[in-house]
Amino acid sequence: MNHFNLPLRFYVGAMVFFMLAPILVIVAVAFTPSEFASFPPRGVSLRWFEKVLNDPTFVGALWNSLRLGLVSTLLASVITVPATVFLVRHKPPGARALQTFMLSPLSLPTIILAVGLLFLNAKMGLGSSFWSLVAGHTVIVVPYIMRTVFAVYSSANAEIEHAAAVHGASPFAVFRHVTLPLLKPGLLAGAIFGFLMSFDEVSVALLLSDPKTVTLPVSILSYLVHNSDPAVAAVSTIQIAIAVGTLLILERLFGVRNLMFSSR
Amino acid sequence: MNLPSPSRSAGHLAIRSLSKHYHDQHAVNNITLDIHPGEFVALLGPSGCGKTTLLRCIAGLVQPTGGDILIDGQSIAHRPVHQRGFGMVFQSYALFPHMSVVDNVAFSLRMRGEAKEKAREQAVEALRMVQMAPLAHRMPSQLSGGQQQRVALARAVVARPRLLLLDEPFSALDAKLREAMQLEVRELQRQLKVTTIFVTHDQSEAMVTADRIAVLNAGRVEQFDTPVASYDRPASLFVADFIGKMNRLTGRVQQTRNGQPIVQFEGVDGEASGTTSTRLSVDQAVMGVLRPERTRLAPADHSDGPGIPGVVREVIFVGERLAIFVDTPSGSLVATEQNSTSGAFARLQSGDAVRLEWAESDLLLFPVQ
């Protein structure tokens, strides 16, 4: 892989540039000292970070997003892990169809899901905006966890679980001491990606949140409608930092490449 | 060996009319076996004969369709797998990849509620028996296949099971290591006096290790006997073919004389008789089978009892023995002879005319449909 020829180098360079440029602009603008967003920035200042972190709307929204992401991911894990274990090991009739069904939110535009949830919520609401959001985001997170857990678990040797059972482990002990550790890398990778998806999600959050449960992306969106100062860039930078931070942890612990691209 | 936990009761295994059907396929078809305490029994057969299904029924990993399994007189057919208290070694080793070697071995003790430190001490003791104690703190992925299988063996015996189940444990190892492991398992089994069931498709492996061999074919037991008896007195044509090598002669019963069938074999000059355990009627088609080491080479003009003329195709050295392949009217037959100092057989060349002969008692007759 050492001999990239010139056109290939150029191609890769252009791709990286177009992927990173918008993000770099946002981060750069966030450090602007001036009143208005301008690029390239003149000087470096943390004033917009200070403003954002002292703004109860943004801070509240950040907490809402973290809470929503964590609860949705946890709920999705609790639903997905037993379902996937059952699908892989017992292969019930229609397993393939069931798996496709659980993965389907991946290929469905979230705005459609959001509109559907809005109507459903009006008819038979959960009564609380937060739990409605959790319901919506759980649906979005499930396929991410399912994909990685399925990939890791279906390549694991079933005899390892048989060995545990023969040597005295009850079905629950087999799950706790053997199955769960076996699929842990897949679960963690899927959970972190799922969390990031929830953290980043706009459509469902926009339609189902109320003033108390506004999430960070929604608050950024509504701030942008009336303002154009670099505060938005600062809050976006914080969001990017959280996403990159989690990805780095994931990479350090398990190697994202192996997990995401081992496919299903 | 002093494994701290006390040895449990004997370990007499009785299998009663056991069956396992999948849809319309009889994987295990009405098998009855009695296995004595401390006995080493091999379940031998080709793939798909039901030996692995039978082992899994005993382990509790497969629920039989009918029949019963008793250990020391107690039925365990409906006891959940984790309450049977057996040890098992799998073909794929199946070590827990996220646990160290010592924790792998300590697993069954921990599941029985043993304290962590005590379980580890016993695990190290078991690892010592398989010469793996120095690697107790490695992870399974850091071990070779042979080492992993030793750990799996230690894991299976650490809790002093009443029954040790081995599911083709050595088939993934290379030939030399496989032979060494066979002897080692045999020795360990003798020391522990644990009733052992060993599934294999390799007849020589079964001969080396087992006290008795159950030869399985199409879900049934063809013969359950000692290795020597199975070799010398196979109960069926299938067993004769599966254990060791056999020369085959096809023929038809001409008449019976004093209850002895007189058979005309294809290509054999004169009428011949043989040993049979079944009653053969006149005109019955039979197969005569003969061990290569009981097949004697004689000069072409020799004529003493039944024999078949032939031409030497090739002579192959198998170390201390010679295998002489001979083309006969009845197909290619092989005779093995000692590679003696006189070198008489080594001087045979392809194209030489010879005659193959045998003693009447060495030719085994089986009816064919």
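Reader: Why does Phe130(A) count as buried?
Author: This is a predicted model, and its values are computed. Phe130(A) has a relative accessibility of 12%. Buried means under 20%. The value falls under that limit, so Phe130(A) counts as buried.

Reader: What makes Trp131(A) partly exposed?
Author: Its relative accessible area is 46%. Buried ends at 20%, and exposed starts over 50%. Trp131(A) lies in between, so it is called partly exposed.

Reader: How many aromatic pairs are there over all chains?
Author: A search of the whole structure finds 9.

Reader: Why is the pair of Phe130(A) and Trp131(A) called edge-to-face?
Author: Take the distance, then the angle. The ring centres are 5.4 Å apart, and a pair needs centres within 6.5 Å. The planes stand at 80°, and edge-to-face begins over 60 degrees. Both tests are passed, so the pair of Phe130(A) and Trp131(A) is edge-to-face.

Reader: What makes Phe170(B) and Phe198(B) an edge-to-face pair?
Author: Run the two tests again. Centre to centre, Phe170(B) and Phe198(B) are 6.0 Å apart, with 70° between the planes. The limits are within 6.5 Å for a pair and over 60 degrees for edge-to-face. The values meet both limits, so the name fits.

Reader: Why does this pair tie together parts that are apart in sequence?
Author: Look at where each ring sits. Phe170(B) is in the loop between β7 (163-167) and α5 (175-192) of chain B. Phe198(B) is in strand β8 (residues 195-200) of that chain. The two parts are 28 residues apart in sequence, so the pair ties them together.

Reader: Are Phe170(B) and Phe198(B) buried or exposed?
Author: Phe170(B) is buried, and Phe198(B) is buried too. They also form one aromatic cluster with Phe40(B).

Reader: What lies over the face of Phe130(A)?
Author: Arg67(A) does, at 4.4 Å from the ring centre. The limit for a charge over a ring is within 6 Å. Chain B offers another case: the charged end of Arg155(B) sits over the ring of Phe96(B), 4.7 Å from its centre.

Reader: Why does Ser129(A) count as buried?
Author: Its relative accessibility is 13%. The limit is under 20%, so Ser129(A) counts as buried. Ser129(A) lies in helix α6 (residues 129-154) of chain A. Leaving out residues up to four places away in sequence, Ser129(A) touches Leu208(A), Ser209(A), Asp210(A) and Thr213(A).

Reader: Why is strand β18 of chain B called largely enclosed?
Author: Count its residues. The strand covers residues 353-357, and 4 of the 5 are buried. That is why β18(B) is called largely enclosed by the rest of the structure.

Reader: How do you know that strand β14 of chain B is joined to β18(B)?
Author: Strand β14 (residues 296-299) is joined to β18(B) by 4 bridges. Pairing takes at least two, so these strands pair. They run antiparallel. Leu297(B) has Leu356(B) as its bridge partner in β18(B).

Reader: In what sense do strand β15 of chain B and β18(B) pair?
Author: In the antiparallel sense, over 5 bridges. Strand β15 spans residues 307-318. Here the bridge partner of Val311(B) in β18(B) is Ala353(B).

Reader: What volume does the largest pocket have?
Author: About 490 Å³. Lining this pocket are 20 residues, and the closest to its centre are His90(A), Glu161(A), His162(A), Pro171(A) and Val174(A). The elements that give two or more residues to the lining are α3 (56-90), α7 (158-166) and α8 (171-200) of chain A.

Reader: Why does Lys91(A) count as exposed?
Author: Its relative accessibility is 62%. Exposed means over 50%, so Lys91(A) is exposed. Lys91(A) lies in the loop between α3 and α4 (95-103) of chain A. Its phi is near 40°, a positive value in a residue other than glycine.

Reader: What makes Ser17(B) partly exposed?
Author: Ser17(B) has a relative accessible area of 37%. That lies between 20% and 50%, so partly exposed is the right term. Ser17(B) is in strand β1 (residues 13-22) of chain B. Phi of Ser17(B) is near 45°, a positive value in a residue that is not glycine.

Reader: How many helices and strands are in chain A?
Author: Chain A has 12 helices and 0 strands. Of its 264 residues, 44% count as buried.

Terms used: Residues are numbered from 1 along each chain as its sequence is written. Chains are lettered from A and ligands numbered from 1 in the order in which they are written. This is a predicted model: local features need pLDDT of at least 70, side-chain atom pairs count only at pLDDT 80 or more; totals for chains, interfaces and linings use all residues. Side-chain values use heavy atoms; hydrogens and water are left out. Rings of Phe, Tyr and Trp (its six-membered ring) pair if their centres lie within 6.5 Å; planes under 30 degrees apart count as stacked, over 60 as edge-to-face and the rest as tilted. Buried means under 20% relative accessible area, exposed over 50%, partly exposed in between (1.4 Å probe, protein chains only). A charge sits over a ring if NZ of Lys or CZ of Arg is within 6 Å of the ring centre and within 35 degrees of the ring normal. Contact means heavy atoms within 4.5 Å. On a 1 Å grid over the protein atoms alone, a cavity is a set of points where a 1.4 Å probe fits but cannot get out, and a pocket is an open set with protein on both sides within 12 Å along at least five of seven lines; lining residues have an atom within 4 Å of a point. Grid points are joined across faces, edges and corners, and a volume is the space filled by probe spheres set on the points.
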